[in-house]
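User: Hi! I'm new to this and would like to walk through a structure with you. Could you help me read it?

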Amino acid sequence: MANDHADHHHSHGSHSHGSHSHGSHGDSHHEDSHHGDGDLAEMLDLDAEVLHDYYREVIGWAGSLVPENPRIVDLGAGTGTGTLALARHLPTADLTAVDMDEEMLERLRHRAAQAGLADRIRTVQADLDGDWPGLGPADLVWASASMHHLADPARTLAQVYATLRPGGTFMITELDAFPRFLKDAADAADAAVEERCHAELARFRQEAGMHMGEDWGARLKAAGFELEGERRFDIELPAPLPPNAVRYAQVTLQRTRSRLADHLTGDDLAALDRIVATAPDRADLTIRATRDVWIGRRP
Ligand SMILES: C[S@@+](CC[C@H](N)C(=O)[O-])C[C@H]1O[C@@H](n2cnc3c(N)ncnc32)[C@H](O)[C@@H]1O
């Protein structure tokens, strides 16, 4: 159950550009939500570090939506990238981080304590597919790459609606794929391996019944929210990548390899191993990622 603690961590470069649309999260996985998933935890932490400019922009946007002393709920908070960034950006905010995975929450509490934010962050362990513990009334509910994990979007949206005070906002962030690190122009063969991985991962997610690629704008409206904003961020980090971004590439590709171990050819697996092993020596790796954001307001 709950606990208190608070924020910290660092960030580094990237570029983000807005445009339009919708999508979902790159790392699917109900199976990834289990305990002891250290790779996922490191990947989430690095995601926030490496995509720093995007995070700054989206956190600033969230901050513009809330009143003084806001009460914020982070659904599927993971290691707390959103919780901690919001706590740092909004010094009077009071935050509740919810996740089913106690190890994620433990990591979140540790980071929060290190950052001296423990007094404003509490964690709640709960399965959001079940009945929700009392989380509201909230000024802002934040869900980053977590909505696609939940079984019943309409039910979840009704629960969020009930958690918000009238006038409160719900900010959903999703992505539709892992970032891409290899460019056709630089290395066509390796880029093709990456594309085959992406196709296979997309098939997995679909078979698992995950809510990837949902039109959350339409779903928000159907649930009684006013659609207040919608935006796609196209993120690109050019080569050569800084060391933490190289590490992010390695962790992501290694994770892809583990998940697809039984589904790729021996050649593709060997190629992935080589790419991961030689990543620090390559000058051609880039990062291309998209994030989709929707904001709904409870009337
Ligand atoms: C991809 S991670 C995103 C973490 C974080 N929001 C971020 O953006 O870095 C998804 C998180 O949702 C959590 N999750 C998945 N299904 C859940 C459920 N039914 N109830 C509560 N949390 C859940 C997982 O444990 C995981 O920490």
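**Strands, ligand and a buried arginine**

Analyst: Happy to! Let's start with one pair: Trp142 stands opposite Met171 in β7, where strands are DSSP runs (E, at least two residues) and helices are DSSP runs too (H or I, at least four), numbered from the N terminus.

User: Before we go on, what sort of model is this?

Analyst: This is a predicted model, where local features need pLDDT of at least 70 and side-chain atom pairs count only at pLDDT 80 or more, while totals for chains, interfaces and linings use all residues. Residues are numbered from 1 along each chain as its sequence is written, and side-chain values use heavy atoms, with hydrogens and water left out.

User: Thanks. How many bridges join β6 to β7?

Analyst: Six bridges join them, and the two strands run parallel. Two strands count as paired if DSSP finds at least two bridges between them. Strand β3 (residues 71–75) also pairs with β6 in the parallel sense, over four bridges. In that pairing, Leu75 has Ala143 in β6 as its bridge partner.

User: Why is β6 called largely enclosed?

Analyst: Because six of the seven residues of β6 (residues 138–144) are buried, the strand is largely enclosed by the rest of the structure. Buried means under 20% relative accessible area, exposed means over 50%, and partly exposed is in between (1.4 Å probe, protein chains only).

User: And what about β9, how many of its residues are buried?

Analyst: Nine of its eleven residues (287–297) are buried, so β9 is largely enclosed by the rest of the structure as well. Strand β8 (residues 226–237) runs antiparallel to β9, with eleven bridges joining them. Strand β7 (residues 164–174) and β9 pair in the antiparallel sense too, over six bridges.

User: Which residue of β9 is the bridge partner of Ile172?

Analyst: That's Trp294. Trp294 is also the bridge partner of Glu230.

User: Switching topic: which residues come nearest to the ligand?

Analyst: Of the 19 residues around the ligand, Gly76, Asp99, Asp127, Leu128 and Ser144 come nearest. A residue counts as near if one of its heavy atoms lies within 4 Å. The shell divides into seven nonpolar, seven polar and five charged residues. For that split, Ala, Val, Leu, Ile, Met, Phe, Trp, Tyr, Cys and Pro count as nonpolar, Asp, Glu, Lys and Arg as charged, and the others, Gly among them, as polar.

User: What lies 2.7 Å from an oxygen atom of the ligand?

Analyst: A polar side-chain atom of Ser144. Taken alone the ligand exposes 600 Å², and the protein buries 97% of that. Those areas come from the Shrake-Rupley method with a 1.4 Å probe; for residues, only the protein chains shown count as cover. Thr81 has a polar side-chain atom 2.9 Å from a ligand oxygen atom, and a polar backbone atom of Gly76 is 2.8 Å from a ligand nitrogen atom.

User: Now Arg232 in β8: is it buried or exposed?

Analyst: Arg232 is buried, with a relative accessible area of 15%. Its side chain makes a polar contact with the side chain of Asp292 at 2.8 Å, and another of 3.3 Å joins the side chains of Arg232 and Asp176. A polar contact is a pair of N or O atoms within 3.5 Å; within protein, one must be able to donate a hydrogen and the other to accept it, and residues adjacent in sequence count only if both atoms are side-chain atoms.

User: Last one: how many helices and strands are there in the protein?

Analyst: There are nine helices and nine strands. Buried residues make up 55% of the 299 residues in the protein.
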